[in-house]
Amino acid sequence: MNLTKFLGYDGKTEGNVVITTMEALINWCRKYSLWPMPMGLACCAIELMGTGASRYDIARFGAEVMRFSPRQSDVMIVAGTVTYKQAQVVKRIYEQMPEPKWVIAMGACACSGGMFRSYSVLQGVDKIIPVNLYLAGCPVRPEALLDGLMQLQHDVMQEPVLRKQFRK
Amino acid sequence: MKKNAEDLALRLKADFPNIISDPIEFRGEYTCELLDPARLYEVAKYLRDKLDFDFLKDSTCIDEPDQEKRFTLVYELYSYQHRVQMRLKTRIFAKKPQISSLSDLWESANWQEREIYDLMGIQFENHPDLRRILMWDGYQYHPLRKDFPLEGKATQCGNIFTEVAPLEGGPFVTLPGNTDTGKREPRSRSTDSKF
Ligand code: SF4
């Protein structure tokens, strides 16, 4: 039997319909509106800007709305060298972001301190905040950032949003 | 009337014969050493008011731990009136690293002296606002001193912590000199060789 007919839906006049689960729908919405919090701290931030500009155009993936307010953003892109002095600022901004939130550590510095084995540089941003995705490179090319973003979108689709809620 | 750098350096020497060394010329730049750091302010004021050095381009500090007079303060002066440069140096003892501030003569000295205080631990007398500028308030060390380890030390100050960085056999320093890259590059040498 025709499923749309069964639901009392007339496909001829009202267009096509997709049946899905609530969870997939929520994740799909989130996936294509990952608003970044650009935590640009050093040279990698230049590549982040390049990714946002027209040649690479991060807007194709729904992540073009760089929010400079943590309260309106979903994914923090830590692009650059995190010094100990800056670390507490990064942490506070992360804590101000509403759930759900993700973190991309962009570049060798954000992942591990990079070449700066020194007294002033935090050896990896994962010492202070949880990181979802590590991107290698010094700097990370825009293609790699976009690839990482797609990977993150893939991860977002796997999130058990509702299952998590009802399991409690 | 414009004066050249040599005249100005010689005039400084003539007016302070006992505490200023003979000016040294290198590629057109003149360096004078002040032998009595306690009179720095007086000499600096003279340089500004009488010899028209109206701009302090930079001031910095050199650390030589094996010397008795461990710290050398270097002041790079410039005169817009005569378009000449002059370098004033003075050496101070490690025991009491203290010198008078020049921030009321040249505004630019304010932050430069804060930086020297922060990274080298020199105390500037009569500085209007002697706080750390690059490291944070409460950090105990002066990291640009030669006896401070490159990898840092573990500290905790409020929310800010530091850890010892893993050097993994480093620091990987390229040797100076003209030997070919194969010999100079750190990766081509064995790990136990001296840098
Ligand atoms: S990883 Fe390289 S390009 Fe990126 S911030 Fe560090 S030094 Fe700069």
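These questions and answers cover the interface of chain A and chain B, then B:K45, in a predicted model.

Me: How many residues of chain B are in contact with chain A?
Reply: Contact is counted for heavy atoms within 4.5 Å. Chain A brings ten residues to the interface. On the side of chain B, the number is 18.

Me: What percentage of the area buried between chain A and chain B do carbon and sulfur atoms give?
Reply: The two chains bury about 1,300 Å² between them. Of that area, the share from carbon and sulfur atoms is 65%.

Me: Which side chains meet in a salt bridge between chain A and chain B?
Reply: The count between the two chains is one salt bridge. The cut-off is 4 Å from side-chain nitrogen to carboxyl oxygen. Here the N to O distance is 2.9 Å. The partners are B:E163 and A:K127.

Me: How many residue pairs are in polar contact across the interface of chain A and chain B?
Reply: Both residues of a pair must have pLDDT 80 or more. Under that rule, the number of pairs is six.

Me: How do the residues of chain A that touch chain B divide?
Reply: Three are charged. Three are polar. The nonpolar ones number four.

Me: Why does B:K45 count as partly exposed?
Reply: B:K45 lies in helix α2 of chain B, residues 40–49. Partly exposed covers the range between 20% and 50%. B:K45 falls in that range because its relative accessibility is 35%.

Me: Which residues does B:K45 touch, not counting those up to four places away in sequence?
Reply: B:R87 is 42 residues apart from B:K45 along the chain, with 14 Å between their C-alpha atoms. The residues that B:K45 touches are B:K50 and B:L105.

Definitions and conventions
Residues numbered from 1 in each chain as written. Chains lettered and ligands numbered in written order. Predicted model: local features only at pLDDT ≥ 70, side-chain atom pairs only at ≥ 80, totals over all residues. Heavy atoms only, no water. Buried area = accessible area lost by both parts, 1.4 Å probe. Polar contact = N/O pair within 3.5 Å; in protein donor to acceptor, adjacent residues only side chain to side chain. Nonpolar A, V, L, I, M, F, W, Y, C, P; charged D, E, K, R; others polar. Helix = DSSP H or I, 4+ residues; strand = E, 2+ residues; numbered from the N terminus. Buried < 20%, exposed > 50% of the residue type's maximum accessible area, 1.4 Å probe, protein only.
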